[in-house]
Amino acid sequence: MKKEKRVFKANIKVGEKNNEPVYEEKQFAVIRPNIQLQTEANKLREKVWNEAFQEGNLLRRQLDDELKNRKLWNTQLQAEYDELQFEVIQNTLKLEQGGIKLSEARAIAIDTSKKRQQMVEMLVARSELDNHTCEGQADNTKFNFLFANCLVYNDTGEKVYPGGLDEYLSQTETDYAEKGATEFYYLMSDSESLDEQLPENRFLKKYEFIDNNSRFIERGTGRLITEDGKYIDNDGLYIAYNEDGSTYRVDITGKKLDIKEEPEDTFEPFLDDDGSPIILEEKPKTKARRKRATKKTVDADA
């Protein structure tokens with residue numbers, strides 16, 4: 001049975017304090033559009049497609065030829081892409097069949113993830129150009145129109161964008177807009193997180209190699225680690241554990257760091273063209289009258 005809505009949390013600007021924006025977390029929801037709204041969206045899609053076609057924009061079936069004409073794709077890149085795709089399929093089969101060391105399977109899963117990311121990066125130019133095709137512009141407009149009319153506050157059911165599509169397009173970089181668009185995509189496609197559905201990520205999660213945020217963890221302890229097994233904290237800094245479970249900072253080699261010590265000053269003077277050090281003379285300090293400090297602020301978008 002299809003879901004009728006998806007609920008999520010996001011930050012929204014509620015005011016300012018000391019010229020700085022203040023945010024609070026709020027529940028939002030995306031709801032499935034009714035027949036009337038979908039009919040309006042389809043009409044808008046058709047209108048945008050016709051306008052784009054009249055302006056001479058590409059059709060999707062012309063993409064491959066255009067990419068080759070712009071030297072953004074060629075037979076060598078296609079061969080590299082096909083090879084990556086083949087290796088991803090082979091790796092996936094190994095994970096599905098099992099019968100190998102778990103450590104080897106982990107390495108295969110990580111390698112698969114990297115290769116899949118390479119494939120995505122290779123298609124960036126195609127994706128960007130696709131957005132400018134007649135179909136790409138029409139599909140994007142349809143999605144944006146539906147999303148703008150289907151994002152609501154979960155507690156009241158009121159629309160976040162009473163002004164519809166135009167209001168949404170003027171506020172696309174807010175936290176709730178970005179998260180909401182993703183949730184709306186999942187709602188309309190009847191799917192969950194695409195990354196979580198990938199075979200390599202399902203394997204890593206099932207055997208406790210990654211946590212719910214897809215960060216590498218140590219099996220059995222759940223401690224955060226790097227891909228190669230070094231302990232790190234939530235900020236990605238290298239750490240080591242004491243017997244009581246407490247931690248201390250270390251460098252990449254595992255040597256303990258004394259974070260109280262001031263870093264050694266290794267600066268050396270700049271040299272002039274003859275190779276002699278340039279020594280700047282310190283200007284004598286003058287006693288200034290005390291005045292009230294003013295804080296310079298920069299406005300931030302919600």
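A residue is called buried when its relative accessible area is under 20%, exposed when it is over 50%, and partly exposed in between (1.4 Å probe, protein chains only). The model is predicted, so that local features need pLDDT of at least 70 and side-chain atom pairs count only at pLDDT 80 or more, while totals for chains, interfaces and linings use all residues. Residues are numbered from 1 along each chain as its sequence is written, and side-chain values use heavy atoms, with hydrogens and water left out.

Helix α4 (helices being DSSP runs of H or I of at least four residues, numbered from the N terminus) comprises the 21 residues 102-122 and reaches 30 Å from its first C-alpha to its last, close to the 30 Å expected at 1.5 Å a residue. Its buried residues are Ala105, Arg106, Ile108, Ala109, Ile110, Thr112, Lys115, Met119 and Met122, and these pack against α3 (75-97), α5 (124-130) and α10 (199-206), contact meaning heavy atoms within 4.5 Å.

Pockets were located on a 1 Å grid over the protein atoms alone, as open sets of points where a 1.4 Å probe fits, with protein on both sides within 12 Å along at least five of seven lines, and lining residues have an atom within 4 Å of a point. The largest pocket is lined by 15 residues, of which Ser113, Asp195, Leu198, Glu200 and Asn201 lie nearest its centre. Both α4 and α10 give two or more residues to this lining, and the largest share, six residues, comes from α4.

The second largest pocket has 14 lining residues, with Leu95, Glu96, Gly98, Phe203 and Tyr207 nearest its centre; the elements that give two or more residues to its lining are α3, α4 and α10.

Methods: Expected span 1.5 Å × (residues − 1).
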